[in-house]
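Work through the exercises below with the sequence and the model side by side. Each task is followed by a solution that goes step by step.

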Amino acid sequence: MATLEEKLQNLLQPVVEDFGCELWGIETQRVGRFLTLRIFIDKPEIGVTIDDCADVSRQVSALLDVEDPIADKYNLEVSSPGMDRPLFTLAQFSRYIGQEIVVHLRIPMLNRRKWQGKLVDVQNDMISLEVDGEVQQFAFGNIQKAHIVPQF
């Protein structure tokens with residue numbers, strides 16, 4: 001059975017692409033009775049503008065009103081992934097080999113849930129990070145969330 005994020009991905013991807021953007025990812029976060037639906041969009045090479053976010057937000061909002069895939073009340077946010085961009089797919093991880101990333105695991109490994117290191121490889125469903133001089137491998141399915149560490 002597909003998760004809410006997967007259903008929304010399939011529903012919203014064509015709308016976002018109509019604006020010349022890439023649907024980078026979708027996050028849902030519940031705080032009390034309220035749900036926040038966060039949609040990240042990007043434009044390769046040039047990035048997104050506030051106008052891109054506003055245009056996509058209006059169109060997505062209209063589509064969600066018609067399709068009504070979310071049973072609860074929610075707040076919609078549309079934004080750029082930013083410098084510390086979250087990583088949602090194996091393809092996104094592959095784009096950032098050589099970069100410093102942070103991963104949060106669903107199930108701890110070596111008594112740790114949070115790992116930070118250089119992304120060295122993506123093979124099949126495994127992500128390899130160099131942490132403190134040692135390579136650690138993580139199953140993609142065990143990664144709850146991950147993001148790039150911005151370099152200044």
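## Exercise 1: Two annotated spans

The end C-alpha atoms of residues 11–84 lie 26 Å apart, and this span is 35% helix and 34% strand. The model is a predicted one.

Task: State which feature UniProt places at residues 11–84, and describe the span 87–152 in the corresponding terms.

Solution. Step one is to consult the record: in an unreviewed entry, UniProt places the feature "domain: Ribosome maturation factor RimP N-terminal" at residues 11–84. Step two is to look up residues 87–152, which the UniProt annotation "domain: Ribosome maturation factor RimP C-terminal", again from an unreviewed entry, covers. Step three is to describe that span from the model: the end C-alpha atoms of residues 87–152 lie 19 Å apart, and the span is 9% helix and 61% strand.

## Exercise 2: The two domains and their interface

Task: Give the bounds of domain 1 and domain 2, and then describe how much area they bury between them.

Solution. Begin with the division of the chain, in which domain 1 takes in residues 4–79 and domain 2 takes in residues 86–148. Next, place the two relative to each other: taken over C-alpha atoms, the centres of domain 1 and domain 2 are separated by 25 Å. Then turn to the contacts, where 6 residues of domain 1 meet 6 residues of domain 2. The size of an interface is often given as the accessible area lost when the parts come together. For domain 1 and domain 2 the buried area is about 510 Å², and 57% of it is on carbon and sulfur atoms.

## Exercise 3: Two residues of strand β2

Task: Decide whether R38 is buried or exposed, decide the matter for T36 as well, and list what each of them touches.

Solution. First locate the residues: R38 lies in strand β2, which runs over residues 34–42, and T36 lies in strand β2 too. Second, apply the cut-off, by which a residue under 20% relative accessible area is buried. R38 has a relative accessible area of 17%, and therefore it counts as buried. T36 has a relative accessibility of 14%, so T36 counts as buried as well.

Third, collect the contacts, not counting residues up to four places away in sequence. R38 touches G25, I26, E27, Q29 and E77, while T36 is in contact with E27, T28, Q29, N75 and E77. Comparing the two lists, E27, Q29 and E77 appear in both. Finally, look at the side chains, where that of R38 makes a polar contact with that of Q29 at 3.4 Å.

## Exercise 4: From β4 to β5

Task: Describe how β4 and β5 pair, and examine the residues in the loop between them.

Solution. Start with the pairing, which is antiparallel and extends over 6 bridges. β4 covers residues 100–109, and β5 covers residues 112–123. Within this pairing, H104 stands opposite K114 of β5. Leaving aside neighbours within four places in sequence, K114 is in contact with V102, V103 and H104.

Now move to the turn, where the hairpin of β4 and β5 has 2 residues between the strands. L110 is found in this loop, and its phi is near 55°, a positive value in a residue other than glycine. N111 is in the loop as well, and it has a positive phi of about 65° although it is not a glycine. To judge accessibility, recall that over 50% counts as exposed. L110 reaches 60% and N111 reaches 79%, so both are exposed.

## Exercise 5: Onward to β6 and β7

Task: Follow the strands from β5 through β6 to β7, stating how each pair is joined.

Solution. The first step joins β5 and β6, which pair in the antiparallel sense over 5 bridges, and here the bridge partner of K118 is E130 in β6. Their hairpin has 2 residues between the strands, and N124 takes a positive phi near 55° in it.

The second step joins β6 (residues 126–131) to β7 (residues 134–139), which run antiparallel and are held by 6 bridges. I127 has F138 of β7 as its bridge partner. This hairpin also has 2 residues between its strands, with D132 in the turn showing a positive phi of about 50°.

The last step relates two residues already met: the C-alpha atoms of K114 and I127, which are 13 residues apart along the chain, are separated by 14 Å.

Methods: Residues are numbered from 1 along each chain as its sequence is written. This is a predicted model: local features need pLDDT of at least 70, side-chain atom pairs count only at pLDDT 80 or more; totals for chains, interfaces and linings use all residues. Side-chain values use heavy atoms; hydrogens and water are left out. Two strands pair if DSSP finds at least two bridges between them. Helices (H or I, at least four residues) and strands (E, at least two) are DSSP runs, numbered from the N terminus. UniProt positions are given in the numbering used here, feature names are shortened, and annotations may be inferred rather than shown by experiment. Contact means heavy atoms within 4.5 Å. Buried means under 20% relative accessible area, exposed over 50%, partly exposed in between (1.4 Å probe, protein chains only). A polar contact is a pair of N or O atoms within 3.5 Å; within protein, one must be able to donate a hydrogen and the other to accept it, and residues adjacent in sequence count only if both atoms are side-chain atoms. Domain bounds come from an automatic or database domain assignment. Buried area is the accessible area (1.4 Å probe) that two parts lose on being put together, summed over both.
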